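Reader: I should like to learn how to read strands, salt bridges and charged patches in a model. Could you take me through them in turn?

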Amino acid sequence: MSAPIVRRLALIGIGLIGSSLARAARKGGLAEKIVISTRSEETLRRAEELGLGDRYCLDAGEAVEDADLVIVSVPVGASGAVAKWIAPSLKPGAILTDAGSTKRSVIEQMAPHIPEGVHFIPGHPIAGTEQSGPDAGFAELFRNRWCILTPPEGTDPAAMAKLTAFWEACGSTVDTMDAEHHDLVLAIVSHLPHIIAYNIVGTADDLEAVTKSEVIKYSASGFRDFTRLAASDPTMWRDVCLYNKDAILEMLARFSEDLAALQRAIRWSDGEKLFDIFTRTREIRRSIVEAGQDTAVPNFGRDMAKADAGE
């Protein structure tokens with residue numbers, strides 16, 4: 001266990017990301033003291049039962065007092081309200097970051113409230129599962145995953161280095177980019193797949209010629225994996241759609257054009273075109289495996305024996 005990176009860490013929001021950060025910080029000795037805040041008394045009580053922190057506060061402003069690092073892990077639509085709430089209590093020199101999957105909207109909401117002398121460095125750990133709540137977290141969530149930071153112009157190098165060191169100690173590889181580019185990249189690699197998954201599962205639910213029991217009983221790996229994405233937190237994904245709508249709409253337009261081309265190929269029995277599309281997209285999968293972002297083990301990397309045992 002290495003020396004603590006920060007003396008006092010405040011976690012605002014204790015769902016999957018927040019609770020995983022608490023566990024990673026505890027396991028790695030990354031903070032001398034961990035303070036946890038959430039607006040739900042029941043959730044806060046559960047975090048205390050799990051021993052995720054050293055102190056627990058319903059008042060987010062109280063939680064960030066004297067904190068060296070504050071990480072906000074709430075639905076992106078709540079970012080502005082949280083920033084306004086905690087701003088008067090942030091000490092000069094504190095680092096404030098977030099974990100939201102949209103960045104331009106978070107900056108627009110939070111930046112106007114940040115006091116002079118506080119280092120605001122928006123961030124996004126690209127890690128997660130379809131589970132939510134304090135019980136869902138685990139210390140290894142960020143291991144071998146990317147964390148993207150979108151530092152504003154003029155960000156203090158020392159603050160940037162400390163935040164980078166924190167995420168690296170959690171197991172992440174840190175990259176930087178501007179907020180608008182981040183939102184465009186995430187629109188295609190994360191937001192659009194989730195939207196498509198929600199839509200496909202919704203279509204299956206609406207079918208009258210196929211019963212719901214048949215959809216569940218005969219689910220092959222493709223549909224089953226769509227249901228995993230579609231089980232993600234609805235509040236979070238509602239906010240993603242509302243606060244990254246420009247980039248998402250652009251990706252949806254491109255997807256619609258490509259889908260129309262695929263429809264034409266099927267309608268006209270253009271086997272050569274279909275083979276070309278499927279071959280090209282197969283290479284993307286291989287590239288993801290080669291990059292270490294997934295495994296080539298059959299069944300999408302899931303060990304069904306462990307799954308059956310509830311592991």
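Author: The discussion below concerns a predicted model and proceeds from strands to salt bridges to a surface patch.

Reader: Is strand E1 largely enclosed or open, and which strand pairs with it?

Author: In a regular strand the side chains alternate between the two faces of the sheet. Here, strand E1 (residues 6-12) is largely enclosed by the rest of the structure, because six of its seven residues are buried. E1 runs parallel to strand E2 (residues 31-37), and six bridges join the two. Within this pairing, Val35 of E2 is the bridge partner of Ala10.

Reader: How many salt bridges are found, and what does the one between Asp135 and Arg46 tie together?

Author: A salt bridge requires a side-chain nitrogen of Lys or Arg within 4 Å of a carboxyl oxygen of Asp or Glu. The whole structure holds 15 salt bridges. In one of them, Asp135 and Arg46 meet with an N to O distance of 2.7 Å. Asp135 lies in the loop between strands E7 and E8 and Arg46 in helix H2, so the pair ties together parts 89 residues apart in sequence.

Reader: Which residues does the network containing Lys91 join?

Author: Lys91 forms a salt bridge with Asp66, the closest N and O atoms being 3.5 Å apart. This pair links distant parts of the chain, 25 residues apart. Through shared partners, salt bridges join Arg7, Asp66, Asp68 and Lys91 into one network.

Reader: Which residues form the positive surface patch, and which helices supply them?

Author: The patch is formed by Arg264, Arg267, Lys273 and Arg280. Helices H11 (245-267) and H12 (271-290) each supply at least two of its residues. Arg267, found in helix H11, counts as exposed because its relative accessibility is 57%.

Key:
Residues are numbered from 1 along each chain as its sequence is written. This is a predicted model: local features need pLDDT of at least 70, side-chain atom pairs count only at pLDDT 80 or more; totals for chains, interfaces and linings use all residues. Side-chain values use heavy atoms; hydrogens and water are left out. Patches are made of residues with over 30% relative accessible area and no salt bridge: like charges are joined within 9 Å, nonpolar side chains (Val, Leu, Ile, Met, Phe, Trp, Tyr) within 5 Å. Accessible areas come from the Shrake-Rupley method with a 1.4 Å probe; for residues, only the protein chains shown count as cover. Lys and Arg count as positive and Asp and Glu as negative; His and the chain ends are not counted. The place of a charge is taken as NZ of Lys, CZ of Arg, CG of Asp or CD of Glu. Helices (H or I, at least four residues) and strands (E, at least two) are DSSP runs, numbered from the N terminus. Buried means under 20% relative accessible area, exposed over 50%, partly exposed in between (1.4 Å probe, protein chains only). Two strands pair if DSSP finds at least two bridges between them.
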